[in-house]
Amino acid sequence: MTSETLTLSRSSAIQQLQSHFEQQKWSLRELFATDPQRTTSFSCEAAGIYLDFSKNHLRQETLQLLLEYAEEQELSRQIAALFKGANVNNTEHRPALHTALRFQGTPKTEHERAVADCRAQMQRFADNIHKEKWLGFSGKPIRHIVNIGIGGSDLGPRMVVEALGSWHKPGISVHFVANIDGADLSGTIQDLNPEETLFIVASKSFSTLETRENALSARRWILASGANEKQLSQHFVAVSSNIVAAQDFGIAPENIFPIWDWVGGRYSLWSAIGLPIILACGYEVYEELLAGAHGMDTHFSNVPLEENLPVLLALIQFWYRQCWGAGSQVILPYAQRLSKFPAWMQQLDMESLGKSVDKEGKPLEYPSGSVIWGTEGTNGQHSFHQLLHQGTDLIPADFIAIKQPTSELHEQHRWLLACCISQSQALLRGKSIHEARQELEDAGYTHREAHALAPHKAIPGNRPSNTLILEKLDPHHLGALLALYEHKVFTGGCLLGVNPFDQWGVELGKQLSGKIYKAAEEHAPEDWDSSTRSLMEKLL
Ligand code: F6P
């Protein structure tokens with residue numbers, strides 16, 4: 001199909017979906033009432049992840065229409081192209097081979113051979129650190145690792161290191177610094193001994209403002225503690241595709257871990273960007289993480305669309321975005337150790353799908369990426385769940401539950417899971433005004449009082465959610481979960497016809513910050529807007 005017909009078909013198919021939406025006046029309660037076995041037909045399991053998608057506004061006919069739409073977008077061909085290393089990132093003429101980063105067994109391609117070499121380099125490095133063979137400038141072993149990076153060079157490893165807290169090796173602490181706000185770096189290093197501290201400068205481009213400034217400040221901190229220029233290499237390693245810039249910074253070539261242009265930043269935690277994971281948890285844990293992701297890769301690239309977990313999640317989000325006017329989606333991981341998961345998901349989804357032209361550069365005639373937000377359960381229940389239950393917006397929710405306890409407090413884990421299940425049930429069922437009134441009268445309110453208060457206590461319900469279950473929050477299951485969402489986002493790009501692997505939108509802000517920073521020393525150009533000029537006067 002030419003891009004022209006693809007766009008036309010995309011629009012006409014969305015119109016077909018829209019009319020399906022308008023014809024169907026169903027409620028979730030009715031869908032469950034008419035089919036007591038509904039969940040059996042609207043759930044599936046793969047690569048260690050169970051997905052219950054029955055609490056959605058879906059009938060078999062809806063799924064059929066969505067799957068037909070996916071086929072029209074040649075989704076199966078696009079998935080094959082992704083794994084084959086085609087230039088799916090068409091505006092930068094690059095493949096997106098994050099799947100090659102988690103290959104298993106013997107390397108078969110040039111990409112996998114490069115990955116294997118990098119894995120070996122990381123394993124040797126981690127071994128030297130863990131066995132105290134790597135010494136700082138005063139002869140002390142390294143006790144503290146500080147990862148300096150931002151966006152995809154921070155969110156992934158930061159989230160995984162927190163999620164796998166049970167696997168942290170003793171004797172080494174891993175920290176993350178991202179913000180150019182000096183409070184981040186200074187707050188992190190204030191209690192660390194520079195003689196025992198090693199910095200990972202993680203930056204694919206090695207030109208990101210925040211990372212450069214933090215790395216230079218860290219460099220000054222090490223030098224100020226008594227190290228000389230030559231000894232810097234005992235306290236700095238780099239993960240970058242910009243070898244020249246990393247060496248110019250003073251990092252020894254053998255301490256630069258490669259990352260390639262066929263790995264997107266927000267898809268890079270499986271590369272050497274994941275070095276903090278290896279240092280915090282050990283190489284074996286990192287291998288398990290890769291294996292879990294590989295299992296989901298195998299599922300995504302082989303299983304028919306109708307049983308394909310990433311495809312189902314993407315089609316469901318597409319359905320609510322295009323036909324139900326849902327502008328956002330809330331991510332609710334019911335696990336304290338997944339508190340950084342929504343932030344990682346935000347970059348993955350919103351930096352991939354937050355586009356306004358299709359792959360050919362034509363303006364989109366329909367909505368694209370959703371706003372992704374959320375926080376760990378049960379904390380969100382005491383923050384924004386009020387809006388989810390009684391607000392005026394439909395906000396589809398993804399609940400993530402971990403079956404096995406993540407602490408010795410097993411009774412509290414049972415409460416955690418009961419809360420997770422009850423929240424999705426409350427969204428589904430709600431509470432009718434009649435039920436609210438009856439409840440109030442049963443509680444002793446007068447008929448008049450009950451009549452007055454009931455509208456405030458009624459809960460619309462009929463609000464959809466997915467629930468995913470991991471048997472355990474361990475490296476393998478976590479790897480599968482992360483890969484599941486990576487492939488969901490890629491599939492979302494295929495359904496929208498956008499390139500999910502570039503991020504041109506972030507360039508303007510970077511350019512303007514440089515101009516504003518420089519103009520602050522002189523005077524802002526007269527043609528700049530009065531707000532920017534007055535803010536500069538006040539702040540800079
Ligand atoms: O946010 C823009 C971005 O380019 C992200 O895509 C990327 O993950 C981040 O900045 C950091 O980039 P780098 O790894 O090149 O420092």
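Biologist: How many disulfides does the count come to by this rule?

Modeller: The count comes to zero disulfides. Keep in mind that this is a predicted model.

Biologist: What makes you say that cysteine 44 is in no disulfide?

Modeller: A disulfide needs two cysteine sulfur atoms within 2.5 Å. For cysteine 44, the nearest cysteine sulfur belongs to cysteine 420 and is 17 Å away, so cysteine 44 has no partner under that cut-off.

Biologist: And why is cysteine 419 left without a bond to cysteine 420?

Modeller: The sulfur of cysteine 419 has its closest cysteine sulfur in cysteine 420, at 8.7 Å. Because the limit is 2.5 Å, that is too far for a bond.

Biologist: Why is cysteine 44 called buried?

Modeller: Its relative accessible area is 16%, and buried means under 20%, so cysteine 44 is buried.

Biologist: Is cysteine 419 buried, exposed or partly exposed, and why?

Modeller: Cysteine 419 comes out at 21%. Partly exposed covers the range between 20% and 50%, so cysteine 419 is partly exposed.

Biologist: Turning to the ligand, what makes the approach of threonine 208 a polar contact?

Modeller: A polar side-chain atom of threonine 208 lies 2.6 Å from a ligand oxygen. The cut-off is 3.5 Å between N or O atoms, so this pair counts. Glutamate 351, at 2.7 Å from a ligand oxygen, and glutamine 347, at 3.3 Å, pass by the same reasoning.

Biologist: How much of the ligand does the protein bury?

Modeller: Alone, the ligand exposes 390 Å², and the protein buries 87% of that. The ligand sits in the largest pocket.

Conventions. Residues numbered from 1 in each chain as written. Predicted model: local features only at pLDDT ≥ 70, side-chain atom pairs only at ≥ 80, totals over all residues. Heavy atoms only, no water. Polar contact = N/O pair within 3.5 Å; in protein donor to acceptor, adjacent residues only side chain to side chain. Areas by Shrake-Rupley, 256 points an atom, 1.4 Å probe, with all protein chains shown as cover. 1 Å grid on protein atoms, 1.4 Å probe; cavity = no way out; pocket = protein on both sides within 12 Å on 5 of 7 lines; lining within 4 Å. Sits in = over half its atoms within 2 Å of the grid points. Buried < 20%, exposed > 50% of the residue type's maximum accessible area, 1.4 Å probe, protein only.
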